[in-house]
Amino acid sequence: AGRIAFERVGFTYPNRTRPALADLSFTAEPGDVVVITGPSGAGKSTLAKLLLRFYEPTSGRILLDGTDIRDITGASLRENITLLQQEGLVFSGTARENIAYGRPGATLEEIVEAAKLADAHDFINRLPGKYDTTLGQRGRLLSGGQLQRIAIARALLRDAPVLVLDEPMTGLDAATAARVMEPLRRLMAGRTTILITHDLRHVPDTARTIVLEPVRRSNRIKLRHMTPVMS
Ligand code: ADP
Ligand code: ADP
């Protein structure tokens with residue numbers, strides 16, 4: 001399980017004429033890391049949102065194990081595709097509660113196991129949402145790298161076959177990014193990973209890279225340009 005196929009996927013935001021994504025096709029299998037990169041505005045986040053079904057493609061289709069994701073229930077989609085996002089953490093409660101979020105049936109043993117694999121075990125009882133109020137946002141009691149490892153532990157516990165990583169290294173300094181890499185590798189192992197990043201330094205050697213370019217003109221304009229001139 002976990003085979004993803006984009007088949008000629010296009011998407012135009014309702015209030016726009018220029019597509020955010022046009023005619024994109026690729027497949028990804030379990031064990032694959034497919035890197036989606038490209039300049040700002042190229043459609044990287046749009047691709048992630050389509051895969052998570054926040055929006056439906058305007059054209060083409062996205063398949064999960066051969067089934068159009070339009071035809072999959074929300075519950076099944078969430079079991080199969082996990083988005084790794086630091087901001088996705090619920091900030092009340094301990095790191096342990098955050099790791100188990102959405103997994104009420106998880107045993108303490110399973111939670112601890114995921115936390116260990118993610119290198120998040122040392123701070124399992126701390127409060128990721130807690131700030132030193134005299135310092136505000138900058139006074140967070142856990143670092144960005146620690147928060148990212150909590151997010152990785154949560155994703156490990158969810159154990160979905162498909163992972164969407166949206167800029168997993170953004171905002172982390174080099175040393176912290178290095179510390180996050182190993183847990184991230186453990187998480188990606190055996191899964192289908194769609195890695196969205198503008199930073200190609202931390203990409204595994206075996207990854208395939210898809211470079212998106214911003215779609216320059218509306219389809220209508222493009223088609224007009226492509227009409228053969230008859231003489
Ligand atoms: P919209 O999404 O409503 O088309 P944009 O800001 O994307 O708004 O584009 C405004 C207009 O400029 C559109 O008609 C679009 O087709 C055109 N356009 C956008 N990019 C380019 C470009 N690189 N070269 C020529 N025309 C462009
Ligand atoms: P990237 O993640 O590569 O920076 P995006 O997917 O955010 O690119 O954006 C692709 C295109 O879609 C850009 O032209 C952007 O302005 C446009 N876009 C993104 N989000 C919206 C939105 N909510 N409404 C309208 N246009 C959007």
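**Exercise 1. The lining of the largest pocket**

Divide the residues that line the largest pocket of this predicted model into nonpolar, polar and charged, then state where they come from.

*Solution.*
Step 1. The lining divides into eleven nonpolar, four polar and four charged residues.
Step 2. In total, 19 residues line the largest pocket. Those nearest its centre are Leu 52, Arg 78, Ile 81, Leu 83 and Arg 158.
Step 3. Assign the lining to elements. Helix 2 (74–80), strand 6 (81–84) and helix 5 (144–158) are the elements that give two or more residues to it.
Step 4. The volume of the largest pocket is about 440 Å³.

**Exercise 2. The sheet with parallel pairing**

Find the strand order of the open sheet of five strands, and explain why one side of strand 6 and of strand 9 is left without a neighbour in the sheet.

*Solution.*
Step 1. Reading across the sheet gives the order 6-7-8-3-9, with parallel pairing.
Step 2. Strand 6 and strand 9 (208–211) are at the edges and have a single partner strand each, so one side of each lacks a neighbour in the sheet.
Step 3. From one strand to the next, the twist averages 20°.
Step 4. Take one pair in detail. Strand 3 (residues 33–37) runs parallel to strand 9 and is joined to strand 9 by four bridges. Within this pair, Val 35 has Thr 209 of strand 9 as its bridge partner.

**Exercise 3. The sheet with antiparallel pairing**

Work out which strands form the edges of the open sheet of four strands, and trace the pairing of strand 1 with strand 4.

*Solution.*
Step 1. The order is 2-1-4-5, and the pairing is antiparallel.
Step 2. Strand 2 (21–28) and strand 5 (67–68) each pair on one side only, which puts them at the edges.
Step 3. Strand 1 (residues 4–11) pairs with strand 4 (residues 59–64) over five bridges, in the antiparallel sense. As an example, Ala 5 is matched by Leu 63 in strand 4.

**Exercise 4. Helices lying across the strands**

Which strands does helix 1 lie across, and which does helix 6 lie across?

*Solution.*
Step 1. In the sheet with antiparallel pairing, helix 1 (residues 44–51) lies across strand 1, strand 2 and strand 4. Helix 1 runs at about 120° to strand 1.
Step 2. Helix 1 also lies across strand 3, strand 6, strand 7 (162–166) and strand 8 (192–196), at about 150° to strand 8.
Step 3. Helix 6 (residues 174–188) lies across strand 3, strand 6, strand 7 and strand 8, and runs at about 150° to strand 7.

Note on methods. Residues are numbered from 1 along each chain as its sequence is written. Chains are lettered from A and ligands numbered from 1 in the order in which they are written. This is a predicted model: local features need pLDDT of at least 70, side-chain atom pairs count only at pLDDT 80 or more; totals for chains, interfaces and linings use all residues. Side-chain values use heavy atoms; hydrogens and water are left out. Two strands pair if DSSP finds at least two bridges between them. Contact means heavy atoms within 4.5 Å. Axes are lines fitted to C-alpha atoms, for helices over the stretch in contact, and angles run from 0 to 180 degrees between N-to-C directions. On a 1 Å grid over the protein atoms alone, a cavity is a set of points where a 1.4 Å probe fits but cannot get out, and a pocket is an open set with protein on both sides within 12 Å along at least five of seven lines; lining residues have an atom within 4 Å of a point. Grid points are joined across faces, edges and corners, and a volume is the space filled by probe spheres set on the points. Ala, Val, Leu, Ile, Met, Phe, Trp, Tyr, Cys and Pro count as nonpolar, Asp, Glu, Lys and Arg as charged, and the others, Gly among them, as polar.
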